[in-house]
Amino acid sequence: MTCESRGGEGIGSGAGGEGDAVGWSGVEAVVPELARRVRERFGAHRHHVLATVRKDGAPRLTGLEADFRHGELWLGMMTGSRKVADLRRDPRFSLHANPGPGADLAGGDVRVSGRAVEVTDPGQVARYAAAVRPPEPFHLFRAELTEVVRTSTEPPYLVVETWAPGRGLRTIRRTSNDPARRGE
């Protein structure tokens, strides 16, 4: 039995229409409970998996340390890395939280997607570096999110929560006996 519910309105004032992206604080303001669970899941492990788009259009998966700080989701990278070149050419990305050991996915399975905006302001970079102390030199990107997804289980259901600016929170509960979904 598939059931779907909606909630968590989008953000107004130009930050919530279809196709818009918001910073992490925007997600926290609109869907605070989902944001808390997603942030906790990312906080459970240090290293995560970043997907970018290669020059030829193929996906590239690489490891990354993500950091939630000052109301933003930050992506720091080594200079000269291919993921930096990918994001400068095409800022779209998806970041999947490290699932950790085992198969129970305690806390759910989460990912965020959006656009990475390179931060070049020396003051912002210095503020981040002072707090995080990454190996220098480095490149810093701020995530502008277009989608947040959390998948978890509530037996007998698989629960998929998705949020996007302007669309609100959608929760789908499915079992393996449900008919296949089409067109999404």
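Here are four short exercises on this predicted model, each with a worked solution.

**Exercise 1. The largest pocket**

Find out how much space lies in the largest pocket, which residues lie nearest its centre, and which elements line it.

*Solution.*
- Step 1: Begin with the volume. The largest pocket holds about 500 Å³ of space.
- Step 2: Turn to the lining, which is made up of 23 residues. Nearest the centre you will find Glu65, Gly76, Met77, Pro134 and Pro135.
- Step 3: Look for the elements that give two or more residues to this lining: they are β2 (47-53), β3 (59-69), β4 (72-78) and α4 (122-132). The largest share, six residues, comes from β3.
- Step 4: Sort the lining by class. There are 11 nonpolar residues, along with six polar and six charged ones.

**Exercise 2. The two ends of α4**

Describe what Asp121 does at the start of α4, and what is notable about the phi of Arg133, which follows this helix.

*Solution.*
- Step 1: Go to the start of α4. There, a side-chain oxygen of Asp121 comes to within 3.1 Å of the backbone nitrogen of Gly123.
- Step 2: Now move to the residue after the helix. Arg133 has a phi near 55°, a positive value in a residue other than glycine.
- Step 3: Recall the general pattern to see what stands out: most residues other than glycine have a negative phi.
- Step 4: Place Arg133 in its surroundings. This residue sits in the loop between α4 and β7. Its relative accessibility is 68%, and exposed means over 50%, so Arg133 counts as exposed.

**Exercise 3. Backbone features in loops**

Where do the cis peptide bonds from Glu136 to Pro137 and from Pro155 to Pro156 fall, and in which loop does His70 lie?

*Solution.*
- Step 1: Keep in mind that most peptide bonds are trans.
- Step 2: Check the bond from Glu136 to Pro137: omega is near 0°, and the bond is cis. Pro137 belongs to the loop between α4 and β7 (138-154).
- Step 3: Check the bond from Pro155 to Pro156, which is also cis, with omega near 10°. Pro156 is in the loop between β7 and β8 (157-164).
- Step 4: Finish with His70, in the loop between β3 and β4. Its phi is positive, near 55°, and with 43% relative accessibility His70 counts as partly exposed.

**Exercise 4. Pairs of opposite charge**

How many salt bridges does the whole structure have, and which parts of the chain does the pair of Arg46 and Glu65 tie together?

*Solution.*
- Step 1: Start from the idea that side chains of opposite charge can pair when their charged atoms come close. A search of the whole structure gives 15 salt bridges.
- Step 2: Take the pair of Arg46 and Glu65, with 3.0 Å from N to O. Arg46 is in the loop between α2 (32-43) and β2, and Glu65 is in strand β3, so this bridge ties together parts that are 19 residues apart in sequence. Arg46 is exposed at 58%, while Glu65 is partly exposed at 34%.
- Step 3: Next, look at Arg69 and Asp67, whose closest N and O atoms are 2.7 Å apart. Arg69 is partly exposed at 27%. For Asp67 the value is 15%, and buried means under 20%, so Asp67 counts as buried.
- Step 4: Last, find Glu147 and Arg111, which form a salt bridge with closest N and O atoms 2.9 Å apart. Glu147 lies in strand β7 and Arg111 in strand β6 (residues 109-119), 36 residues apart.

Notes: Residues are numbered from 1 along each chain as its sequence is written. This is a predicted model: local features need pLDDT of at least 70, side-chain atom pairs count only at pLDDT 80 or more; totals for chains, interfaces and linings use all residues. Side-chain values use heavy atoms; hydrogens and water are left out. On a 1 Å grid over the protein atoms alone, a cavity is a set of points where a 1.4 Å probe fits but cannot get out, and a pocket is an open set with protein on both sides within 12 Å along at least five of seven lines; lining residues have an atom within 4 Å of a point. Grid points are joined across faces, edges and corners, and a volume is the space filled by probe spheres set on the points. Helices (H or I, at least four residues) and strands (E, at least two) are DSSP runs, numbered from the N terminus. Ala, Val, Leu, Ile, Met, Phe, Trp, Tyr, Cys and Pro count as nonpolar, Asp, Glu, Lys and Arg as charged, and the others, Gly among them, as polar. A polar contact is a pair of N or O atoms within 3.5 Å; within protein, one must be able to donate a hydrogen and the other to accept it, and residues adjacent in sequence count only if both atoms are side-chain atoms. Buried means under 20% relative accessible area, exposed over 50%, partly exposed in between (1.4 Å probe, protein chains only). A salt bridge is a side-chain nitrogen of Lys or Arg within 4 Å of a carboxyl oxygen of Asp or Glu.
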